[in-house]
Number of protein chains: 4
Amino acid sequence: MLPTANPTPPFVITRASHVVLAVTDLARSRDFYRDVVGLVVTEETGDTVYLRGLEESAHHSLVLERADAAAALRIGLRVRTDADIAAAERWCADRGLVHERVHRAHQGPTLRFRDAVGTHLELTSSMDLVPRKMQCFDEFTSGAPQRLDHFQVVSHDVQTATGFWSELGMRLAEFTAKDGTDELWGSWMEVKGNTHDLVFTNGRGPRLHHFAYTVPDASSLLHAADVAGALGFGEEIDRGPGRHGISNALFLYLRDPDQHRVELFTTHYQFIDLEDEPIRWDLSNARRAQLWGMPASRRWFFEASEFPGEPVREPLLQASPQTLEDYLGVH
Amino acid sequence: MLPTANPTPPFVITRASHVVLAVTDLARSRDFYRDVVGLVVTEETGDTVYLRGLEESAHHSLVLERADAAAALRIGLRVRTDADIAAAERWCADRGLVHERVHRAHQGPTLRFRDAVGTHLELTSSMDLVPRKMQCFDEFTSGAPQRLDHFQVVSHDVQTATGFWSELGMRLAEFTAKDGTDELWGSWMEVKGNTHDLVFTNGRGPRLHHFAYTVPDASSLLHAADVAGALGFGEEIDRGPGRHGISNALFLYLRDPDQHRVELFTTHYQFIDLEDEPIRWDLSNARRAQLWGMPASRRWFFEASEFPGEPVREPLLQASPQTLEDYLGVH
Amino acid sequence: MLPTANPTPPFVITRASHVVLAVTDLARSRDFYRDVVGLVVTEETGDTVYLRGLEESAHHSLVLERADAAAALRIGLRVRTDADIAAAERWCADRGLVHERVHRAHQGPTLRFRDAVGTHLELTSSMDLVPRKMQCFDEFTSGAPQRLDHFQVVSHDVQTATGFWSELGMRLAEFTAKDGTDELWGSWMEVKGNTHDLVFTNGRGPRLHHFAYTVPDASSLLHAADVAGALGFGEEIDRGPGRHGISNALFLYLRDPDQHRVELFTTHYQFIDLEDEPIRWDLSNARRAQLWGMPASRRWFFEASEFPGEPVREPLLQASPQTLEDYLGVH
Amino acid sequence: MLPTANPTPPFVITRASHVVLAVTDLARSRDFYRDVVGLVVTEETGDTVYLRGLEESAHHSLVLERADAAAALRIGLRVRTDADIAAAERWCADRGLVHERVHRAHQGPTLRFRDAVGTHLELTSSMDLVPRKMQCFDEFTSGAPQRLDHFQVVSHDVQTATGFWSELGMRLAEFTAKDGTDELWGSWMEVKGNTHDLVFTNGRGPRLHHFAYTVPDASSLLHAADVAGALGFGEEIDRGPGRHGISNALFLYLRDPDQHRVELFTTHYQFIDLEDEPIRWDLSNARRAQLWGMPASRRWFFEASEFPGEPVREPLLQASPQTLEDYLGVH
């Protein structure tokens, strides 16, 4: 059965906030996100680079940390107020979830925790303000990404993940299920009034599949591809440009120097009214993955970033290799 | 002093829902909104045409009603649930506001009322669902408007209007004030997490200045202008294409056959975090109206649609004709 | 050695004019080119449909003829005047080329002939004029193709083809050659002042690989892909959207119901000055095929339309299967 | 009567080549053309800056020369070969036109001359080659102008100018004439196969109204406007974005720090076939100036750059001030 969003969640999540990546060559990764993707560098310290989209007034939406091995350190969500952090802390304790108050530079009260399927997260209620750059058009480069929008996580148990986040108020906008069954293979959940803030798809997990920034329009998306090509990252596009059936996003996926994946996409449709039902896509419907064009690369389907120390589990829902390829539309 | 959004409003408004216009030639107005603007006709009856944007699943966001005289009949807002309609009804009664439960075809419980500055409105909690057309790309025409986004109302008393709607939970994202004073000349208020859902600007009011639909990108905006030109409505563009300083919208304004005004614009920036402060624009700052380009036409500034039977009052805040022209940037 | 353009050719070719295709389901092919590609139908007779791009004043640039079997019947080039047709006829006779004066509806004097590598062509000096539709923006659909631009032919002997057309005044703008050698694997030749009007690439030939129409911009290209998807032709995109290194074209390739291939692309760079040298691309340089993104499909590389009755020959230049795949960048 | 293009001109002009401007603040003008317009700086010397469009392989298409007073020094056209320069020299001598062989850095043989209506020009047959930057997408800024395309000159005698250039092989693509008469008020003449390379319009002249660069698409045009706004040149847009009826160009006009005017526009339609007739626009037809939108500013109509030492004459064709305003569509 499909989980439904808790109308009175224990604390109020408002949006995707930031992602923290361990990278093995800090300068190279910074250059990639600044020059190839087009993000703004807010601040650099010896071991850390903070970046943001052009319209963002929050200090950072992407944090790069120098490390010996690449990893997805954590994804961050915003809650409305400091009181929500306190409420979240109590709720984690009640549930027996691994959690901890942490201090993060430029962030307000922050709570680190691990969700029911092993995703590493943190919640924060505020950040230092910095100027929005959305009218500094002369500083727009490449895709001119405007803001962090959502995360996609590969999970061994999409059903459990979806139930967990539904209880926290996230609402299913679209989902993938095995034909004729209730088996959830993918769930697109939202909290900010459009298609998704957090996505879980079936596979070996938990692993961060990608984080996504919005771009102003289709031209920006193609310009990002052109700039990627010009700067030697043309082969690091592992999917797109294309149009997903699910969510209707016009997308481009890029791999960074450590093979973390970032998506650029144009905006969502609005999803606010309670009478709207989530859209179901059968696994056998290839239009779910893309309305047109060439299939994604194999590495888009099977590669993702692990969370440090978190064991990766085989998916509960399995399919034969052939069926899986058919589902994925990869050949 | 700036009003602040009530964190616990008496009922929950979620978004701009629809606008109802009295038009003197129903077929001609339908053709305009379908062919020149690009909206989808959901349904036609003898005296009424219902239209919507391409991504909308709600039955209508624009209603045209045949009438002897053109007028803005009312603007509609969505509330979250039926219980919010009941709460709104009690609140209107407590405040002594003119209000009435009404039946509207294809809408759930609906409450008609008049706000503190005379704007004619209605609230509804649901609508009949119809298919989203966002992936029927072969049906996209002209600007391919995706969804109704916001309303702008000219008011004789922006301060009172802003206070009224702040109490109902609307939050100021940007505002215009006379240099060195707190005099509110314009307020951009939001409830759905981006720049504005309801705007009030100083002038003879109440009158509906425009309602606005989002378009996919800048190319769509220019294509709408080209189509307007091809279909003989080229002179009915009374502003744009241009870029507002306020809200950063890339805009195009069109007048319909009764001179009601519709805006097409690309999307907003996100405005969710509570630590964000509203952006102040001094009246003397011409970049507030547009970051570049030619001034708006005089009729853009001074013409708007009246609400039937509602007296139009002179603005409380006045300026000399010369100063006013300077403020407006019209010459 | 690279052929150079004859500065005083025997007759003056001015541009790519039209292509004539045999199709097995006339109505279905017409619908494809009108609705999925966006061409204008100029005229329909019982067995023939004439189409053109939106800016074209010539009666047709694409002719579909009902047939039992699909084929590329011929490609058409324009010459400047009727006198050029007469000169071409003499030249064909002198060379012993198969040729014939033919009558074609809506065309001026027309000469059918076969080039040195077996390509079926015709030359004409004028066409009936019809209104340009470039300002009928309300009639733009899908990619809004503006004009026929060029042809690409697969040939068993690119060197001979290039020499033949150079003598007729065509000038090499770019070419592909095997690393460290003069072996011509592909030649992009132009006569109208930008990158190419006629292209030959190495392979089993002669076969028509594609004909290409210009589109106004990148947005149109993506809209064509979206419309193709919406109308059930999403899997008939066999390459793109992408950016060729050669010629810098932003491209999309579509297969019609008979698997003829049409390219939509944004415009060329200008190539007029005599001091400009042709750009050489080594076969081993993958950026030649695309500056970024996913490789083309296998069918893009190996499928093309045969000319009726014309034997298809194996290419003179051969490579091992592995090397060939490396050259093509297909996997 | 309309002049017709000489099919065997005394020498072969191929395209608009370059423009040379006297500017009063060399660094400021360079910054404008590089940062606000987006041109590439090829070379700087103490008193001169050479710039070009991103796709251009010729050393310069815009030359800025430090001077005490702003002026349009000359416009440059390309001829095919050195022999054409020699032929042009003889022709000027035969006609008794002011002319002179000059040495210009980075140019081949160059002939300075003055046309029949006082326009200052030079012809050259070649330039030093530099790398095309069209695939250096990471260096694209603002409008990403690709190449110089055409010039517009205000002339006191459009009829004479048109006759002069027709004799040199230029062909009328579109023209403006007073209703019901043959009075030529504007002529759009081409030599490179699309709408225009050289335009003359009626008014006080000779003065250079503008020179124009192509941009990749509508998005680039709007981005240039945004960048102009961001860099403080928002009020230096004196027309557009808009769509001309004549030539169908989507345009934006900017004034540089000395008030020289540069146009950015998307590409032309093709104009090659001899059976195409020039398009006539009646002066009373406002769609000729723009298919939609707001009228141009007064300064767009009446301001232009003088050639040094060249007397400016009143136009032979006059209209009453009211009629003139009606013609121009300026109010």
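**Exercises on a four-lettered assembly: interfaces, copies and domains**

In this predicted model, A:Glu275 forms a salt bridge with B:Arg78, and their closest N and O atoms are 2.8 Å apart. Because the model is predicted, local features need pLDDT of at least 70 and side-chain atom pairs count only at pLDDT 80 or more, while totals for chains, interfaces and linings use all residues. Residues are numbered from 1 along each chain as its sequence is written, chains are lettered from A and ligands numbered from 1 in the order in which they are written, and side-chain values use heavy atoms, with hydrogens and water left out.

**Exercise 1. Describe the interface of chain A and chain B by its residues, its buried area and its polar pairs.**

Step 1. Begin with the residues in contact (heavy atoms within 4.5 Å): chain A gives 37 residues and chain B gives 37 residues.

Step 2. Turn next to the buried area, which is the accessible area (1.4 Å probe) that two parts lose on being put together, summed over both. For chain A and chain B this area is about 3100 Å², and carbon and sulfur atoms give 46% of it. On the side of chain A, the residues that lose the most area to chain B are A:Gln135, A:Gln270 and A:Glu275, which together account for 20% of what that side buries.

Step 3. Count the salt bridges, each a side-chain nitrogen of Lys or Arg within 4 Å of a carboxyl oxygen of Asp or Glu; the rule finds 8 of them across the interface of chain A and chain B.

Step 4. Count the polar contacts, which are pairs of N or O atoms within 3.5 Å; within protein, one atom must be able to donate a hydrogen and the other to accept it, and residues adjacent in sequence count only if both atoms are side-chain atoms. Between chain A and chain B there are 22 residue pairs in polar contact, both residues being at pLDDT 80 or more. Sorted by class, the side of chain A that touches chain B holds 13 nonpolar, 12 polar and 12 charged residues; here Ala, Val, Leu, Ile, Met, Phe, Trp, Tyr, Cys and Pro count as nonpolar, Asp, Glu, Lys and Arg as charged, and the others, Gly among them, as polar.

**Exercise 2. Describe the interface of chain B and chain C in the same steps.**

Step 1. Here 12 residues of chain B are in contact with 12 residues of chain C.

Step 2. The two chains bury about 840 Å² between them, and 66% of this lies on carbon and sulfur atoms.

Step 3. Across this interface the rule finds 0 salt bridges and 1 residue pair in polar contact, with both residues at pLDDT 80 or more. The side of chain B that touches chain C has 6 nonpolar, 3 polar and 3 charged residues.

**Exercise 3. What turn lays chain A on chain B, and what rotation superposes chain B on chain C?**

Step 1. Copies are superposed by least squares on the C-alpha atoms of residues with pLDDT of at least 70 in both. Chain A is laid on chain B by a turn of 180° and a shift of 0.0 Å along the axis, with an RMSD of 0.0 Å. The two copies are therefore related as by a two-fold rotation axis. The C-alpha of chain A nearest this axis belongs to A:Asp217 and is 2.7 Å from it.

Step 2. For chain B and chain C, a rotation of 180° with 0.0 Å of shift along its axis gives an RMSD of 0.0 Å. In chain B, the C-alpha nearest that axis is the one of B:Ser219, at 3.4 Å.

Step 3. Compare the surfaces: 100% of the interface residues of chain A are also interface residues in chain B, so these copies meet through the same surface.

**Exercise 4. How do the two domains of chain A meet?**

Step 1. The domain assignment (bounds from an automatic or database assignment) gives domain 1 (13-129) and domain 2 (142-310) of chain A. The contact between them takes 47 residues from domain 1 and 48 residues from domain 2.

Step 2. Domain 1 and domain 2 of chain A bury about 3800 Å² between them, 69% of it on carbon and sulfur atoms.

Step 3. There are 3 salt bridges between these domains, and A:Arg147 forms a salt bridge with A:Glu55, whose closest N and O atoms are 3.1 Å apart.
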